[in-house]
Amino acid sequence: MTSRQRTADSNSLSPRRRTVVKAAAATAVLAAPLAAAIPARAAEAPAFLHGVASGDPLPDGILLWTRVTPTAEAVPGSGLGPDTEVAWTVAKDKAFTNVVAKGSVTATAASDHTVKADVRGLAPATDYWFRFSAGGTDSPAARTRTAPAADAAVTNLRFGVVSCANWEAGYFSSYRHLAARGDLDAWLHLGDYIYEYGTGEYGTRDTVVRQHAPTHEILTLADYRIRHGKYKTDPDLKALHAVAPVVAIWDDHEFANDAWSGGAENHTEGTEGAWSARQAAAKQAYFEWMPVRPALAGTTYRRLRFGKLADLSLLDLRSFRSQQVAVGNGSVDDPDRTITGRAQLDWLKAGLKSSDTTWRLVGNSVMISPFAIGSLSADLLKPLAELLGLPKEGLALNTDQWDGYTDDRRELLAHLRSNAIRNTVFLTGDIHMAWANDVPVDAGTYPLSASAATEFVVTSVTSDNLDDLLKVPEGTVTALAAPVIQLANRHVHWVDTDRHGYGVLDITADRAQMDYYVLSDKTKANATSSWARSYRTRTGTQKVERTYNPV
């Protein structure tokens, strides 16, 4: 997200003082945060304490992941522990009586004892089971699924969709409810899989529900490894990784708030080291700990195909972007400013144009639909500006989104229109709210102007949204703000500013439908889930419409 939400205590620190405190904490002895990052039972080794996962499904293959703890001291970020041979097995059944592939890989301290196996030679659109073994210990068994053959006439696809999971703000019940479904081809994580802040520094409704590790802001490679390791101990996250492959991209908090190619809002050059070193550390830890295939070295932009029904272009909107516009440092319309970088935008345009699938999905970490704040009252404008990282005196756009890079957006939407590219659906996270949007060529004249695409935005798993910032009952802000937002943004069909949850995207040849689900209480480990709303876009329309039942 684009804010620096803090508790009352952290607000009392000046930015410079806070930076000094962070830097001092970052140089502290690692023993305590290392110990906090793993369960107590790590004394018995080797062990698979961080679960198993799979990702980036192909028609003939899948990427498998795990992390082995070979000895008690070989905890995440420690740099300790011996090289350990880790075997992997893939079977067609949970009992592993019909093994179809096996092999081994060596876990080393150099990769934080994480391992990946890029298994090929599998059958398309097929469920498989896999597990790892080391030193006579087996990991839990997990299910995965390959993508359909490239030329397959696929009738249906179903994806879970999530973003923005702040460990300290609550429990990851969204992951548990998605895992329990048992009907997902894959699940998409659209960014902010982890958060970089020190304990209590980022929005938690002023209550740290559960403390992450390390407790200081993460700056070094060891720090990022410890934080990833802590997340991978969450039982709900482990459960979801164990039932379906993930397709993930990063946003800013995998690095630091409002990251761009040369820095971040939440990074002080020098005091917190060089940005280039911090960015490299964050990327290394991400690729170690996530079942993601890097495309171009060090990026997450890549494309996956799911038969003739859909392809999925996944974006990296942090590695190549220009610095966000702030008061006095440039214009959002400057054609030299970019959110994608030239090479990635050309790659995206070429892929959308050449696509022969029914649907063109775009995994997009920040909202592409334009957003004007409109005439919100002062009591609503202030927390909304905080959430979006805007001046509280009122600026009618969020410069961390595509709104801050309008030339790239104009070029992309013009490309869709001029080439008559239909059925482009942007799938978005980041903003901690749920939205269903048309993506207009000209928002100022919409609906008289055309819609070039549609966008489904999922809310946060736990990260604070507007009711949390205002500390009011859930639904209070949506009732007041949604009508004003929609009046100023006629392409917005729905916005929920308050609730937490996840989405389920269901695709057929006729329509792409997003079912929005919400949690009863993010601070409760046993939170229930309920369906909230559904929106769809029918083939050829480039417009969103409400539908009154989930798939």
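Modeller: One term first: a residue is buried when its relative accessible area is under 20%, and exposed when that is over 50%. Keep in mind that we're looking at a predicted model.

Colleague: Fine. What share of the 551 residues of the protein count as buried?

Modeller: 62% of them. The chain folds into 12 helices and 24 strands. Among contacts with a separation of 6 or more, 72% join residues 24 or more positions apart.

Colleague: How many aromatic pairs are there?

Modeller: The count is 21. Take Trp167 and Tyr231, a pair with 5.6 Å between centres and 50° between planes.

Colleague: Why is the pair of Trp167 and Tyr231 called tilted?

Modeller: The centres at 5.6 Å fall within 6.5 Å, so the rings pair; 50° is neither under 30 degrees nor over 60, so the pair is tilted.

Colleague: What makes this pair one that links distant parts of the chain?

Modeller: Its two residues are 64 residues apart: Trp167 is in the loop between β9 and α4, while Tyr231 belongs to helix α5.

Colleague: How do you know that Trp167 is buried?

Modeller: Its relative accessible area is 6%, which is under 20%, so Trp167 is buried. Tyr231 comes out at 0%, so the label buried fits there too.

Colleague: And why do Tyr197 and Tyr202 count as stacked?

Modeller: Their planes are 20° apart, which is under 30 degrees, and their centres are 4.9 Å apart, which is within 6.5 Å, so they make a stacked pair. Tyr197 and Tyr202 are both buried.

Colleague: What makes Trp167, Phe172, Tyr175, Trp187, Tyr193 and Tyr231 a cluster?

Modeller: Ring pairs link these six residues together.

Colleague: How do you know that the charged end of Arg210 sits over the ring of Trp167?

Modeller: The distance to the ring centre is 3.8 Å, which is within 6 Å, and the label also requires a position within 35 degrees of the ring normal, so Arg210 qualifies. Lys232 does likewise with the ring of Trp65, at 5.1 Å from the centre.

Colleague: On to helix α7. How do you know its reach is close to what is expected?

Modeller: The expected span is 1.5 Å times one less than the number of residues, so the 15 residues of α7 should reach 21 Å, and from first C-alpha to last the helix does reach 21 Å.

Colleague: Why is α7 called largely enclosed by the rest of the structure?

Modeller: Because 11 of its 15 residues are buried. Among them are Trp275, Arg278, Tyr286, Phe287 and Trp289. The buried residues pack against helix α5 and the strands β2, β5, β11, β12 and β13.

Colleague: Now the empty space. How many cavities of 30 Å³ or more does a search of the whole structure find?

Modeller: Three. The largest cavity holds about 60 Å³.

Colleague: Which residues line the largest cavity?

Modeller: Its lining includes Ala434, Trp494, Asp496, Arg499 and Tyr516. Strands β20 and β22 are the elements that give two or more residues, and β22 has the largest share with three.

Colleague: How much space lies in the second largest pocket?

Modeller: About 320 Å³. It has 21 lining residues, and those closest to its centre are Pro370, Arg409, Asp442, Ala443 and Gly444. Helix α10 supplies the largest share of that lining, five residues.

Definitions and conventions:
Residues are numbered from 1 along each chain as its sequence is written. This is a predicted model: local features need pLDDT of at least 70, side-chain atom pairs count only at pLDDT 80 or more; totals for chains, interfaces and linings use all residues. Side-chain values use heavy atoms; hydrogens and water are left out. Helices (H or I, at least four residues) and strands (E, at least two) are DSSP runs, numbered from the N terminus. Buried means under 20% relative accessible area, exposed over 50%, partly exposed in between (1.4 Å probe, protein chains only). Contact means heavy atoms within 4.5 Å. On a 1 Å grid over the protein atoms alone, a cavity is a set of points where a 1.4 Å probe fits but cannot get out, and a pocket is an open set with protein on both sides within 12 Å along at least five of seven lines; lining residues have an atom within 4 Å of a point. Grid points are joined across faces, edges and corners, and a volume is the space filled by probe spheres set on the points.
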